[in-house]
Amino acid sequence: MGFRGEALASMTYVGHMTVTTIMKGQLHGYRATYRDGVMEQEPKPCAAVKGTQIMVENLFYNMIARRKTLQNSADDYPKIVDLLSRFAIHHINVSFSCRKHGAARADVHSVATSSRLDAIRSVYGVSVARNLIKIEAFDDESSSSVFKMEGFISNSNYIGKKITMVLFINNRLVECGALKRAVEIVYSATLPKASKPFIYMSIILPSEHVDVNVHPTKREVSLLHQEIIIEKIQSTVESRLRNSNECRTFQEQTVDASTSSLRATQKDSPKNPTPPSSQTPKSEKVPVHKMVRIDSLDPAGRLHAYLQATPSSQADKSSLASIRSAIRQRRNPRETADLTSVQELVNIIDSNYHSGLLDTIRNCTYIGMADEVFALIQHNTHLYLANVVNLSKELMYQQVLRRFAHFNAIQLSDPAPLADLLMLALKEEDLDAEGEENYDLKEKIAEMNIQLLKQKAEMLQEYFGIHIDTNGNLSRLPVILDQYTPDMDRVPEFVLCLGNDVDWDDEKICFQTIAAALGNFYAMHPPLLPNPSGEGLQFYKRRVSSNCHQAGGSLKDADDAAVESEYDDELLADAENAWAHREWSIQHILFPSMRLFFKPLTSMASNGTFVRVASLEKLYKIFERC
C-alpha cells in the first residue's frame, strides 16, 4: 500500500512506538517498544488480538519546534482522512476506521463489503454514490499496450466544488497528471456544468510497464505506451458521459407564498408601510412548564454526548450528515404485491395502528439506551422508555410485507450448509440431552427440514430473497433495512424456525409466519455476549486452572498468571464492538427508519413496549413544593 519500511523506522526516532503482533495459530503474541531509533528491550510475550498493532505515542517529543507546528496546524488530520478514504473504497475487503483523538465518532468508517459502490456510499456519502456510472476499458494487444481499467465516474447530475480523482495502478495509490488532465478536458467539453467530477479508477498492467521512480516519494508514476492508454481511457469516459447526458435531475425549491407576497406589498407601497404587528400573527407565549427545549430533528445533545470528556467536534457532526441523508432517501417499492393474501396482511397493519404512538415515533428525540432492552426517547414534554426489541421486531415484520418480492440481497461470504445450521440450533435447544439415540433423532429432524426447505427454495428466493442452492446451502439473505445487517449468530435459530414454525399449507398464514420469523431474526436483540460495561465484565475474566499444583506450580505462580492476563482481550474487544454497533444501529438506523415506515400496533400502548416515565408538567409541580 505504499508504506515503506524506512518510514516506520523513522517514526522510532521521533516518537514512542509499540508493536504488538501475533501469528496465526500461536498461543500468545509479542510486544516490543522502541525509543530513539532502538528497541528498548527484547520482545515480551503478551496477550494479543490476531494481527499486528502499531501504536506511536508522544509524536515529536524530542523535536519541540516541529511539535509546536503540529499543534497549531489543522492541515494534517484532513490529509489522513483523505488518504484512508481513498484506501477504503479500493480495498473493499478490509474494514477501515479513522477517529480524531477526543472525538466521539469516526470520520471514516467502512466495513468489508463485496460492492465497491457500497464502499463509496459509506465513505463519500449517498450524494456521490447515486450519481456514479461504471466504466471499463482494456487492451490486450501486446504490440501497443496491455492494460485493464475499471472504475466509477460522476454523471451530469453531480456537482462538486473540486475534482476528486482516486487512482490506483496495480493496487497502489498514485497520481498521473497526464491522465487527470485528459479526463478534465473530456468533462469540460462534454459537461461544462459538471466539470469538477468524482473519479475512481483502478488500472492493472504489467509491472514492468510502470516507472515508479519519476517522483521522490513515488507518488507519481509514468507508464509505457502512456499516450495510447490515456487515449483509450479518455474515449471510454467521453462515450459514457455522452450517454449519461440524456437525462438530468433538478432539485425542486419550495417558495413561501406568504413571504413573497409580503415583500411584493412592501415594494409596491413604500410610502404607506404596514406595521409588522398587523402583517404577521402575534406569537403566543408558551408557558414555561410546557416549553419543549429540544428539536426532534436535531441530533445534538443526546445522552451519550454528556458521557464524553470533550465535546464532539464539527467534523463528527458532518460525518453523520451522509448517514442521515441516506436514511431520508430510503423508500419502499411503489409497486404493491399482486397476491391478495399479502395485501390483506398489509391492510391489517394499516387499519389497526395507534395514532398517538405514531405521532410519538415520528416526532420523538432519541436520547440513549437506558439498559439492554429499553431506549429513552422524548416527545414534547414527555419522557418514555421504548422496548427496542419489540419495536424492531414489528418494524422488520412490516417491512418484509411491504417489500414483498422486491428485496436486495446480502451475499454470505461462504455458503452455510443447512445441515450444520440446523444441528447447531437443535443442540442449543436441547443442551442437557446426550446419547447416540438423541443425536440420531436430531439428524433425522435436520434432514427432514433440509428436504422441506429445498422444496420451498424457489418460493423463498422469489418472494423473500432467501437463496438456498440445490446442495442445501444458504448463500443469500434479504436486505430488509438499508445499511443494516442482522446478527449472524442467530442464523441457526432462524433456519430452524423456517422448518418448524411455518405453516406451508395456507398461503396467508405461510407468508405471515415467514415474515414473523424474519422479523425475529432481524430484530435488534442484545448481542449473545454479555455486556462488558456492567456486571457482564466478570464473564471475560480468565480462570486459572485449579490443578496448577499437580503440574508443579505454586499458588503464587497462579496469582501471577491471573494478574498478567486477567481478561480475554480478544473476546472482550469483540463484545465491546458488538454492543457499540448495536447502539449505533438503534440510533442511526432503527429510529430514523421507524419515522419513515413504522405503524405501531394498538397493543403497544398497553403491553409495556412504551412506558411513560416523566412529564415536564408534573416535574414542575414537584419542584414547586420544594
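This passage goes through the salt bridges, cysteines, surface patches and one long-range contact of a predicted model.

Salt bridges come up first. A search of the whole structure turns up eleven of them, and three are worth a walk-through here. Arg402 pairs with Asp350, with the closest N and O atoms 2.7 Å apart. Arg402 sits in helix α14 (residues 388-402) and Asp350 in helix α12 (residues 340-351), so this bridge ties together parts that are 52 residues apart in sequence. Both ends are partly exposed: Arg402 has a relative accessible area of 21%, and Asp350 comes in at 27%.

A more local case is Arg242 with Glu238, where the closest N and O atoms are 3.0 Å apart. Here the two partners share helix α7 (residues 226-244) and are four residues apart, or about one turn of the helix. Glu238 is partly exposed, at 29% relative accessible area.

Then there is Arg490, bridged to Asp487 with the closest N and O atoms 4.0 Å apart. Arg490 is buried, its relative accessible area being 14%, while Asp487 counts as partly exposed at 27%. Back at Arg402, shared partners link Asp350, Arg402 and Lys599 into one salt-bridge network.

What about the cysteines? With a cut-off of 2.5 Å between cysteine sulfur atoms, the disulfide count is zero. Two cysteines can be placed by their cover: Cys364 is buried, at just 1% relative accessibility, and Cys510 is buried as well, at 4%.

On the surface, two patches stand out by character. One is negative and brings together Glu428, Glu429, Asp430, Asp489 and Asp501. Of these residues, Asp501 belongs to the loop between α18 (491-500) and α19 (507-522). The other patch is nonpolar, covers about 210 Å², and is made by Ile54, Val56 and Leu59. Val56 is part of strand β5 (residues 51-57) and is partly exposed, with a relative accessible area of 31%. That value gets Val56 past the patch cut-off, which asks for over 30% relative accessible area.

Finally, a contact between stretches well separated in sequence. Asn155 and Ser244 are 89 residues apart along the chain, yet their C-alpha atoms are separated by 6.2 Å. Asn155 lies in the loop between β9 (145-154) and β10 (164-169). Despite that loop position, Asn155 counts as buried, at 10% relative accessibility.

How values were computed. Residues are numbered from 1 along each chain as its sequence is written. This is a predicted model: local features need pLDDT of at least 70, side-chain atom pairs count only at pLDDT 80 or more; totals for chains, interfaces and linings use all residues. Side-chain values use heavy atoms; hydrogens and water are left out. Patches are made of residues with over 30% relative accessible area and no salt bridge: like charges are joined within 9 Å, nonpolar side chains (Val, Leu, Ile, Met, Phe, Trp, Tyr) within 5 Å. Accessible areas come from the Shrake-Rupley method with a 1.4 Å probe; for residues, only the protein chains shown count as cover. A salt bridge is a side-chain nitrogen of Lys or Arg within 4 Å of a carboxyl oxygen of Asp or Glu. Lys and Arg count as positive and Asp and Glu as negative; His and the chain ends are not counted. The place of a charge is taken as NZ of Lys, CZ of Arg, CG of Asp or CD of Glu. Helices (H or I, at least four residues) and strands (E, at least two) are DSSP runs, numbered from the N terminus. Buried means under 20% relative accessible area, exposed over 50%, partly exposed in between (1.4 Å probe, protein chains only).
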